[in-house]
Amino acid sequence: MSEFVQPPQSTVTNCTAQDYEAAYARSLSDPDVFWLEHAQRLDWITPPTKGGEWSYDPVEIAWFADGTLNLCHNAVDRHLADKADKTALIFEPNDPDGEVRTLTYAQLHAEVVRMANALKAMGVTRGARVTLYMPMVVEGVVAMLACARIGAVHSVVFGGFSPEALAGRIIDCDSEFVITADEGRRGNKPIPLKVSVDAAVDEHDTRVKGVLVVKHTGADVAMKDGRDHWYADLASDGDCPCEPMNAEDPLFILYTSGSTGKPKGLLHTTGGYGVWTATTFHYVFDHQPDDIFWCSADIGWITGHSYVTYGPLLNGASQVIFEGVPNYPDHGRFWQVVEKHKVSIFYTAPTAIRALMREGDDFVTAHDRSSLRLLGTVGEPINPEAWRWYHRVVGEGRCPVVDTWWQTETGGVMLTTLPGAHAMKPGSAGLPFFGVQPQLVDAEGQMLEGAAEGNLCITSSWPGQARTIYGDHDRFVQTYFSTYKGKYFTSDGCQRDAQGYYRITGRVDDVINVSGHRMGTAEVESALVLHPKVSEAAVVAFPHDIKGQGIYCYVTLNAGLEGSDDLAAELRQQVRKEIGPVATPDRIHFTDDLPKTRSGKIMRRILRKIAENDHGSLGDTSTLADPSLVDRLIEGRVDG
Ligand code: WTA
């Protein structure tokens with residue numbers, strides 16, 4: 001058991017190993033009673049009497065369906081009775097000398113009411129979809145809560161996506177309203193959010209009729225009469241009651257990449273998602289009333305939804321929200337913020353840990369981290385070396401590390417160790433959270449027992465599960481429930497050890513995980529072939545020291561054209577324009593042809609192996625239409 005790291009003594013207060021055993025067993029034997037009990041973490045207008053009502057064939061999922069509640073009330077209003085003066089948000093700006101803004105729960109309430117009134121003044125009604133394209137500022141969280149307050153459905157689009165990508169997401173859910181800011185700031189770059197919103201709305205066929213603009217940097221931006229409104233002009237303090245929502249009313253849509261086609265808008269509903277994020281936050285982060293929590297994720301991702309906006313606030317936590325980046329003004333920025341705000345629980349992505357590890361320990365040790373008591377990671381597999389550095393250097397060997405595996409589709413944490421309760425195994429996420437029934441299957445769908453490696457499925461529903469893909473339930477069924485009938489398929493490969501610990505090995509579909517961000521290879525390919533000189537493109541992942549995976553693009557050009565550095569630069573620009581900087585190709589490999597079977601199917605396995613520089617194990621290439629191509633591809637491999 002030497003690969004296991006024992007938890008420090010006496011960290012646990014919310015759940016011991018024995019508590020976990022008992023609760024986990026009960027969550028499987030009696031899920032409805034178990035989850036109806038945990039549903040009491042929330043205030044309900046009508047308490048639910050029903051637990052899970054679900055089937056994976058046909059696919060219909062509901063939890064707490066006869067309950068009514070409002071999640072904004074639960075995240076904000078209900079804390080006014082005993083936590084009005086407790087700090088809810090501590091905003092740390094991009095620039096270390098900038099102004100910190102602290103909001104108590106009472107002040108957060110006032111701000112959410114002002115935002116909700118502004119939305120109503122703009123014409124937003126219950127059920128309307130509202131697109132957020134925001135920097136990481138207080139108003140981002142406030143806008144999400146304001147939507148929840150009035151029963152509108154938020155769709156947050158990460159501020160790093162391009163106007164084209166934003167427009168696609170606005171159109172897909174037929175959103176008539178956008179909330180944005182003049183500009184955002186990340187590191188030494190201003191992010192022209194309002195300019196991008198204008199490009200998205202003006203140059204595409206959207207039905208946007210109202211744009212609410214938060215003044216953040218004070219940049220001069222164009223305002224279109226009748227459509228664009230400054231937040232300060234529409235905000236007002238009058239009463240704005242919380243709309244009673246059914247547990248299964250939509251709370252939000254969040255777009256994420258899959259292996260085929262356009263990004264999918266996963267739909268999460270109110271009651272189950274609220275219970276899941278409230279419960280997982282309490283246990284996974286062992287939350288105590290005087291903790292200062294900090295999750296470094298942007299609200300544009302699911303991590304920012306579940307562990308910035310909902311999980312912490314539903315628990316009445318105090319938390320830092322950070323506008324900046326880990327390496328500005330220097331590589332000690334995270335630890336300087338930890339010291340400044342006395343952060344006790346810190347949650348970030350492996351890619352950030354790897355990038356900071358490379359810069360040496362001095363950036364860490366220069367700052368006092370004695371406030372830290374718990375560390376977490378999410379978004380991609382963490383290599384044991386980075387895990388150990390995080391544990392030993394950042395956490396001084398005294399803080400448990402939780403490696404939390406979950407997905408946009410799962411709503412919250414699914415696999416993790418519980419801090420203090422469980423021994424940790426660097427590189428392994430660990431054990432299933434309450435109610436989670438993982439199963440490993442082989443390619444034929446045969447269940448694997450004991451220590452094994454296979455494809456990770458979940459065999460029963462849990463409250464935080466996404467209910468559908470907005471507007472396309474067939475695609476939801478097809479994507480997640482058709483590969484293995486009757487099971488939710490995660491698209492992740494996974495190993496289980498003799499102790500029952502789960503280690504995620506990575507995606508087994510055509511999704512690349514770049515710095516913890518999901519990118520569909522098909523999306524990047526579609527962006528590349530839009531260039532007039534490109535004939536065909538095939539995109540695969542390769543291992544990348546910092547980003548986890550990098551984007552490797554094989555490109556064929558139209559007859560008579562030759563690749564060049566200039567053209568490669570143009571193609572990178574093309575992808576940034578279509579999707580955004582997160583999708584920027586790392587390597588562009590011009591080739592005269594792509595390896596295809598005689599029936600014309602691209603053999604991605606070969607392309608992956610070559611990109612990974614693993615040509616020793618190319619496997620059978622005899623079915624290729626042109627077997628000699630393989631040598632030319634190996635020859636032309638782009639490195640660095
Ligand atoms: C990967 C992020 C290994 C995985 C919350 C999953 C992880 C995808 C981990 C979901 C982890 C997430 N260890 N891999 N702890 N957490 N992943 O939807 O491949 O942005 O399928 O959700 O990230 O990414 P998503």
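This is a dialogue between a student and a tutor about a predicted model and its ligand.

Tutor: The model is predicted, with local features needing pLDDT of at least 70 and side-chain atom pairs counting only at pLDDT 80 or more, while totals for chains, interfaces and linings use all residues. Residues are numbered from 1 along each chain as its sequence is written, and side-chain values use heavy atoms, with hydrogens and water left out.

Student: What makes a residue part of the shell around the ligand, and how many residues surround the ligand?

Tutor: A residue is near the ligand if one of its heavy atoms lies within 4 Å of it; 17 residues surround the ligand, and the closest are Asp403, Thr404, Thr408, Asp492 and Arg518. By class, the shell has six nonpolar, six polar and five charged residues, where Ala, Val, Leu, Ile, Met, Phe, Trp, Tyr, Cys and Pro count as nonpolar, Asp, Glu, Lys and Arg as charged, and the others, Gly among them, as polar.

Student: What makes the approach of Asp403 to the ligand a polar contact?

Tutor: The term requires a pair of N or O atoms within 3.5 Å (within protein, one must be able to donate a hydrogen and the other to accept it, and residues adjacent in sequence count only if both atoms are side-chain atoms). A side-chain N or O atom of Asp403 is 2.7 Å from a nitrogen atom of the ligand, so the pair meets the limit of 3.5 Å. An oxygen atom of the ligand is 2.9 Å from a side-chain N or O atom of Gln407, and a polar side-chain atom of Thr408 lies 2.5 Å from an oxygen atom of the ligand.

Student: How do you know how much of the ligand the protein covers?

Tutor: On its own the ligand has 530 Å² of accessible area, of which the protein covers 96%; such areas come from the Shrake-Rupley method with a 1.4 Å probe, and for residues only the protein chains shown count as cover.

Student: Which helices and strands supply at least two residues each of the shell around the ligand?

Tutor: They are α11 (302-314), β20 (401-404) and β28 (502-507), where helices (H or I, at least four residues) and strands (E, at least two) are DSSP runs, numbered from the N terminus.

Student: Why does β20 have one side without a neighbour in the sheet?

Tutor: Two strands pair if DSSP finds at least two bridges between them, and the open sheet of seven strands has the order β5-β4-β17-β16-β18-β19-β20, with mixed pairing. β5 (101-104) and β20 stand at the edges with a single partner strand each, so one side of each is left without a neighbour in the sheet.

Student: What makes β4 and β17 a pair?

Tutor: β4 (residues 87-92) and β17 (residues 318-322) are joined in the parallel sense over four bridges, and the term asks for at least two bridges, so they qualify. Within this pairing, Phe91 has Ile321 of β17 as its bridge partner.

Student: Why are β24 and β28 called edge strands?

Tutor: In the open sheet of five strands, ordered β24-β23-β25-β27-β28 with antiparallel pairing, β24 (447-448) and β28 each pair on one side only. Inside that sheet, six bridges join β25 (residues 452-458) to β27 (residues 488-496), which run antiparallel, and Glu453 stands opposite Gln495 in β27.

Student: What makes the loop between β1 and β2 notable for its peptide bond?

Tutor: Pro58 lies in that loop, and a cis peptide bond, with omega about 0°, joins Asp57 and Pro58. The hairpin joins β1 to β2 through two residues, and the strands, β1 (residues 52-56) and β2 (residues 59-63), pair in the antiparallel sense over five bridges.
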